Amino acid sequence: MSMSATLKAIADPMRRSILELLRQGSMSAGDIAQHFPALTQATVSYHLKLLKQADLITETRKKNFIYYELNASVFEEVLTWIYGLGLGDKEHDA
C-alpha cells in the first residue's frame, strides 16, 4: 500500500482509536465494536476494512471469528519516512 493511503487511513480519529485499542493485542471485530457503543457493527467493519487495505492491521481466522492485530512493519516504514524528513531538513540547513 502507498504511503499516502496509509496516512489517509490514520487521518481518521476513529481508525486511530481502533489502532490504539489493538495495541493491547489481537481482538475480534465484536470485541472492538464493544468499545465503541455509538457505532454499528457495520461501521466498525468498514473502518477495519480500510485499516486492512492500508496494511496497518492483519487478520487471522480462527474457527468462526476473525481476529485483528497491528502490523508493526508498516508503522516502522512510516516512522522511518517521517524520521528521514526530519534529518533531511537538518542536513539542508547545515
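Is Leu56 buried or exposed? At 1% relative accessibility, Leu56 counts as buried (buried is under 20% relative accessible area, exposed over 50% and partly exposed in between, with a 1.4 Å probe and protein chains only). The close-ups below start from this residue and then move to the sheet and the helices.

This is a predicted model, in which local features need pLDDT of at least 70 and side-chain atom pairs count only at pLDDT 80 or more, while totals for chains, interfaces and linings use all residues. Residues are numbered from 1 along each chain as its sequence is written, and side-chain values use heavy atoms, with hydrogens and water left out.

**View 1. Leu56 and its surroundings.** Leu56 is found in the loop between helix H4 (41-53) and strand E2; helices (H or I, at least four residues) and strands (E, at least two) are DSSP runs, numbered from the N terminus. Not counting residues up to four places away in sequence, Leu56 touches Thr6, Ala9, Ile10, Leu19, Leu51, Glu69, Leu70, Asn71, Val74 and Phe75, where contact means heavy atoms within 4.5 Å. One of these partners, Leu70, is 14 residues from Leu56 along the chain, and their C-alpha atoms are separated by 6.1 Å.

**View 2. The open sheet.** Here you can follow 3 strands in the order E1-E3-E2, with antiparallel pairing; two strands pair if DSSP finds at least two bridges between them. Strand E1 (27-28) and strand E2 (57-62) are the edge strands, and each pairs on one side only. Strands of a sheet pair through backbone hydrogen bonds, either parallel or antiparallel. Helix H2 (residues 13-22) packs on the sheet and touches E1, E2 and E3, its direction making about 95 degrees with that of E3.

**View 3. Strand E1 beside strand E3.** E1 and strand E3 (residues 65-70) pair in the antiparallel sense over 2 bridges. Look for Met27 opposite Tyr68, and for Ser28 opposite Tyr67. Ser28 is buried, with a relative accessible area of 7%. Leaving aside residues up to four places away in sequence, Ser28 touches Ile66, Tyr67 and Tyr68. A polar atom of the Ser28 side chain also lies 3.1 Å from the backbone nitrogen of Asp31.

**View 4. The hairpin of E2 and E3.** How many bridges join E2 to E3? The antiparallel strands E2 and E3 are joined by 6 bridges. Among the partners, Thr58 is matched with Glu69 of E3, and Lys62 with Phe65 of E3. E2 and E3 form a hairpin with 2 residues between them, and Lys63 in the turn has a positive phi of about 55 degrees.

**View 5. Helix H1 against helix H2.** Two packed helices are described by the angle between their axes and the distance between the axes. Helix H1 (residues 3-11) packs against H2 at an angle of about 90 degrees, with the axes 5 Å apart; axes are lines fitted to C-alpha atoms, for helices over the stretch in contact, and angles run from 0 to 180 degrees between N-to-C directions. H1 and H2 are therefore roughly perpendicular to each other (angles under 35 degrees count as roughly parallel, over 145 as roughly antiparallel, 65 to 115 as roughly perpendicular and the rest as oblique). H1 brings Lys8, Ala9, Ile10 and Ala11 to the contact, and H2 brings Pro13, Arg15, Arg16 and Leu19. The residues of this contact divide into 5 nonpolar, no polar and 3 charged; Ala, Val, Leu, Ile, Met, Phe, Trp, Tyr, Cys and Pro count as nonpolar, Asp, Glu, Lys and Arg as charged, and the others, Gly among them, as polar.

**View 6. Helix H2 against helix H4.** H2 and H4 pack at an angle of about 80 degrees, their axes 10 Å apart, which makes H2 roughly perpendicular to H4. On the H2 side, Met14, Arg15, Ile18 and Leu19 meet Tyr46, His47, Leu48, Leu50 and Leu51 of H4. By class, this contact has 7 nonpolar, 1 polar and 1 charged residues.

**View 7. Gln34 in helix H3.** Gln34 is found in helix H3 (residues 29-34). At 64% relative accessibility, Gln34 counts as exposed. The C-alpha atoms of Gln34 and Ala9 are separated by 21 Å, with their positions 25 residues apart along the chain counted as the separation.

Methods
Polar contact = N/O pair within 3.5 Å; in protein donor to acceptor, adjacent residues only side chain to side chain.
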